[in-house]
Amino acid sequence: MTLVASPPGGLRYGALVSTIEHGSISANGVDFAYLAAGDAGAPLALCLHGFPDSAHSWRHLLPDLAAAGFRAVAPFQRGYAPTSVPADGRFQSGALAVDANALHHALGGDERAVIIGHDWGAPATYGAAVLEPTRWRRVVGMAVPPGGAVGAAFVSNVAQLKRSWYMFFFQHPLSDLVVGANDLAFIDMLWADWSPGFDASTEVGHVKDALRDPANLAAALGYYRATLGAGYRDPELDGAQQATQGIPTQPTLYLHGATDGCIGTEVAEFARTMLPDHVTVELIDGAGHFLQVEQPAAVNRRVVEFVS
């Protein structure tokens, strides 16, 4: 699907003639902007992006979810423009999980809802499903597996530690200047490294729009500082934070790009050995880290099949 001229009130994608709406809603103290497709009142399918990314990376999936009978909604995560930078300064993944459940409520979700997350959106998805399982019928994660596989890789997998260098770099105040320099050229580099061979010019343009303001960039880096560094961690979110490392009890699908340059396939394969039978792990051929835009037909087909 290719993005063509925007009609009044939305974005239209190629021959599918599917309109994607822009909207906004308040939840958990944050004013969220979002993209959405599908009829109001249909079961909610909430799609959560990661870094460095934006809600636009779900633009291929939203129309297919709508065609399958869902109200598909992709919020810009807290701190990513045009969503507000939260006044509470909370950027730990537990806050993202609480956001997801608050969005479920604000958007009128019910027990038919499904939740889908990529990168930072993946642990947020697992946390939301663990915290309030009656809200979410099925769970899909991408690029960051559920459970403890990533944590184990940080202490036992030198290759993965090397891939994760940027997480440690983000702890230094200099990173705000470096990532923001030369029209956020650092983001071009990450996409090239993580999704080798993919033309990410459209995707990176959307990401830069979301992070060009220094306040938004600081928010995005704040996710990493709250995880590994001295960033603010709200003690009231301790339970939610633990939930992001949990394994949902709902049927869960995990997808991982076969050429992911951010988190190696060996981490996904290790996760496969650790996860219970209700979690399905699959590799997507010809895709790196941003598999939902690199191989949208394959990813959409598998996700829609699983959640329907």
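Colleague: Where is the place of Phe 76?
Modeller: In this predicted model, local features need pLDDT of at least 70 and side-chain atom pairs count only at pLDDT 80 or more, whereas totals for chains, interfaces and linings use all residues. Residues are numbered from 1 along each chain as its sequence is written, and side-chain values use heavy atoms, with hydrogens and water left out. Given that helices (H or I, at least four residues) and strands (E, at least two) are DSSP runs numbered from the N terminus, the place of Phe 76 is in the loop between strand 5 and helix 2.

Colleague: Does Phe 76 count as buried or exposed?
Modeller: The cut-offs on relative accessible area are under 20% for buried, over 50% for exposed and in between for partly exposed, with a 1.4 Å probe and protein chains only. Phe 76 has 5% relative accessibility, so it counts as buried.

Colleague: What distance separates the C-alpha atoms of Phe 76 and Asp 53?
Modeller: Taking contact as heavy atoms within 4.5 Å, and not counting residues up to four places away in sequence, Phe 76 touches several residues, among them His 49, Ser 54, Ala 55 and His 56. Asp 53 is 23 residues from Phe 76 along the chain, and their C-alpha atoms are separated by 9.1 Å.

Colleague: Which residues are joined by a cis peptide bond with omega of about 10°?
Modeller: One cis peptide bond, with omega about -15°, joins Phe 51 and Pro 52, and Pro 52 is found in the loop between strand 4 (44-48) and helix 1 (61-67). Another proline, Pro 82, is found in the loop between strand 5 (71-75) and helix 2 (93-106), and Phe 76 touches Pro 82. The cis bond with omega of about 10° joins Ala 81 and Pro 82.

Colleague: What is the relative accessibility of Ala 143, which has a positive phi although it is not a glycine?
Modeller: The phi of Ala 143 is about 75°, and the residue is found in the loop between strand 7 (138-142) and helix 4 (149-156). Ala 143 counts as buried because its relative accessibility is 0%.

Colleague: How many ångströms does helix 7 span between its end C-alpha atoms?
Modeller: The expected span of a helix is 1.5 Å times one less than its number of residues, and a straight helix of 21 residues would accordingly span 30 Å. Between its end C-alpha atoms, helix 7 spans only 22 Å.

Colleague: Where in helix 7 is the kink centred?
Modeller: The bend at a residue is the angle between axes fitted to the seven residues ending there and the seven starting there. Asp 183, which lies in helix 7 (residues 174-194), has a positive phi of about 55° although it is not a glycine. Helix 7 has a kink of about 110°, and this is centred on Asn 182.

Colleague: What should the twelve residues of helix 13 span?
Modeller: Helix 13 covers residues 296-307, and its end C-alpha atoms are 16 Å apart. This agrees with the expected value because, at 1.5 Å a residue, the twelve residues should span 16 Å.

Colleague: Which element gives the largest share of the lining of the largest pocket?
Modeller: A pocket is, on a 1 Å grid over the protein atoms alone, an open set of points where a 1.4 Å probe fits, with protein on both sides within 12 Å along at least five of seven lines, and lining residues have an atom within 4 Å of a point. Volume is the space filled by probe spheres set on the points, which are joined across faces, edges and corners, and the largest pocket holds about 560 Å³. Of its 28 lining residues, those closest to the centre are Trp 120, Val 150, Met 167, Thr 227 and Gln 245. Helix 3 (121-131), helix 4, helix 6, helix 9 and helix 10 (238-244) each give two or more residues, and the largest share, four residues, comes from helix 9.

Colleague: What is the C-alpha separation of Pro 196 and Gly 261?
Modeller: Pro 196 lies in the loop between helix 7 and helix 8, and it counts as partly exposed because its relative accessibility is 45%. Although Gly 261 is 65 residues from Pro 196 along the chain, their C-alpha atoms are separated by 7.4 Å.
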